[in-house]
Amino acid sequence: MDTRNDMLRLLHSRREGFSLEQPFYTDPEFFKLDMELIWYRDWLFIGHDCELPKPGSYITAQIGDYPIVLVRDQQGKINAFHNSCRHRGSRVCNADRGTAAKLVCPYHQWTYELDGRLLFARQMADGFDKSQFGLKPVACESVGGYIFICLAKEPADFAPMRAMIEPYLLPHRLREAKVAFESTIVEKGNWKLVWENNRECYHCAGNHPELCKTFPEAPTVTGVQGADSDPEMLAHWAKCEAAGLPSKFRIDPAGQYRATRAPLLRDAVSYTMTGKRAVKRNLSDSVATDRIGSLLLYHYPTTWNHILGDHAVTFRVLPISATETAVTTKWLVHKDAVEGVDYDLAELTHVWTETNDQDRRIVEENAFGILSPAYEPGPYSELHEGGVIQFVEWYAAFIGPRLTEGERPALRSVA
């Protein structure tokens with residue numbers, strides 16, 4: 001079977017407003033095409049500038065078949081490289097994070113500068129040219145404290161995304177924040193199911209008692225339509241924009257990324273069981289306005305975010321297989337906030353720790369049911385699942401044309 005033609009046929013015959021056919025959520029060959037045509041070709045959120053506080057600080061990630069390392073060099077620049085030694089391919093950095101004066105492969109001690117240059121390769125033949133064997137670079141951009149990478153040799157222009165989202169992010173000074181806590185869970189479901197679950201709150205009342213104490217279930221908040229006619233949203237935008245915080249709903253023409261600021265329920269100011277602050281100190285010294293709600297930022301296929309007055313919660317999605325997805329959550333606070341003094345870690349993380357686990361169970365039950373031979377695509381709720389419809393439309397429009405490209409990109413099209 002020609003998997004490309006099969007995927008294209010199912011995309012062309014799919015019913016708008018309905019979930020996808022079973023192979024999109026279960027088939028390893030469809031998953032390979034997702035990786036090849038989306039994940040290996042587009043900008044992906046990896047982490048935050050503040051996770052690389054000084055020269056030599058590094059973090060690693062695995063994008064499908066590609067191990068990646070991000071490191072801050074002596075000039076303060078953040079670089080990204082393929083985490084594969086130019087000698088015999090061993091991973092150079094095998095920890096999730098760390099600090100190193102140089103990057104040294106543990107296998108044969110080939111040593112690289114923080115800018116990727118090969119500095120030392122012992123007992124190689126005369127005439128060996130170190131300049132030809134530096135770490136292979138990966139395109140890397142930082143915007144508002146967020147680090148994105150792209151594996152493609154010719155990455156898409158990052159400038160339009162920067163232009164849209166940077167004004168929303170800069171007041172929160174996330175470059176100067178710190179990660180108070182981080183967790184990664186593996187959800188036994190396809191990455192698209194993780195996103196579909198995230199893009200609606202149709203399920204919230206019956207599944208997320210902690211989150212529903214503060215986060216509104218209104219479709220104008222969770223979806224992509226109607227916000228500009230919602231009086232509460234309009235009043236919230238006006239208040240926040242008057243305080244210098246960009247807030248109006250904006251979405252890029254292709255639907256890949258968007259941002260808006262939404263109010264929390266009633267007098268809530270943070271994601272806690274009481275709705276009160278989780279952190280005494282504001283996340284940003286530049287934002288003093290109270291009750292700014294949450295800045296909601298989405299970028300397919302890797303990240304959604306909630307940025308509040310006292311802290312931020314950021315999420316990263318990375319596919320592992322057709323039926324497994326890693327979701328990493330990070331709680332960011334002011335760099336000088338002190339655990340046990342300015343915040344209680346259990347209180348700070350409780351709502352989203354519970355919500356994440358509830359979502360994991362939901363996604364896994366969804367994935368289990370889709371495996372049934374009786375499964376067939378069902379209709380989304382136009383009222384409550386507009387965000388899901390938009391995500392599926394983006395996916396189909398994004399991957400469809402790439403399936404018909406004359407030269408199959410495969411792995412030779414990435415660095």
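**Close-up 1. Asp42 and Arg402 pair up in a salt bridge.** In this predicted model, the closest N and O atoms of Asp42 and Arg402 sit 2.7 Å apart. Asp42 lies in the loop between helix 3 (28-39) and strand 1 (44-48), while Arg402 belongs to helix 10, so the contact ties together parts that are 360 residues apart in sequence. Both partners are tucked away: Asp42 is buried, at a relative accessible area of just 4%, and Arg402 also counts as buried, at 14%. Those labels apply because each value falls under the 20% cut-off for buried residues.

**Close-up 2. Helix 10 offers another salt bridge, this time from Glu393 to Arg14.** Here the N to O distance is 3.1 Å. Glu393 sits in helix 10 (residues 386-403), and Arg14 is found in the loop between helix 1 (3-13) and helix 2 (23-26). That puts the two partners 379 residues apart, so to speak at opposite addresses: the pair links distant parts of the chain. Are the two side chains buried or exposed? Arg14 is buried, with 17% relative accessible area, whereas Glu393, at 28%, is partly exposed.

**Close-up 3. Glu182 and Arg97 join two strands through a salt bridge.** The closest N and O atoms of this pair are 2.9 Å apart. Glu182 comes from strand 11 (residues 177-187) and Arg97 from strand 5 (residues 97-99), and 85 residues separate them along the chain. Neither side chain is hidden under the 20% limit for buried residues: Glu182 is partly exposed at 32% relative accessible area, and Arg97 is partly exposed at 37%. The pair also has company, as Glu51, Arg97, Glu182 and Lys330 are linked in a network of salt bridges. Taking the whole model, the salt-bridge count comes to 20.

**Close-up 4. The largest pocket holds about 420 Å³ of space.** Its lining is made up of 25 residues, and Thr60, Ala61, Gln62, Asp96 and Arg316 lie nearest the centre. Which strand gives the most to this lining? That would be strand 2, with five residues. Strand 2 (57-63), strand 3 (66-72), strand 11, strand 16 (312-321) and strand 17 (324-334) each chip in at least two. Strand 11 also carries Glu182, one half of the pair in the previous view. Sorted by class, the lining of the largest pocket has 11 nonpolar, seven polar and seven charged residues. Both domains take part: domain 1 (43-151) and domain 2 (159-371) each provide at least three of the lining residues.

**Close-up 5. The second largest pocket has a volume of about 280 Å³.** Of its 16 lining residues, Ser19, Glu196, Asn366, Tyr380 and Glu385 come closest to the centre. Helices show up in this lining: helix 5 (191-198) and helix 9 (345-370) each supply at least two residues. Helix 9 has the largest share, with four residues. As for chemistry, the lining of the second largest pocket divides into nine nonpolar, four polar and three charged residues.

Methods. Residues numbered from 1 in each chain as written. Predicted model: local features only at pLDDT ≥ 70, side-chain atom pairs only at ≥ 80, totals over all residues. Heavy atoms only, no water. Salt bridge = Lys/Arg side-chain N within 4 Å of Asp/Glu carboxyl O. Buried < 20%, exposed > 50% of the residue type's maximum accessible area, 1.4 Å probe, protein only. 1 Å grid on protein atoms, 1.4 Å probe; cavity = no way out; pocket = protein on both sides within 12 Å on 5 of 7 lines; lining within 4 Å. Points joined across faces, edges and corners; volume = space filled by probe spheres on them. Nonpolar A, V, L, I, M, F, W, Y, C, P; charged D, E, K, R; others polar. Domains from an automatic or database assignment.
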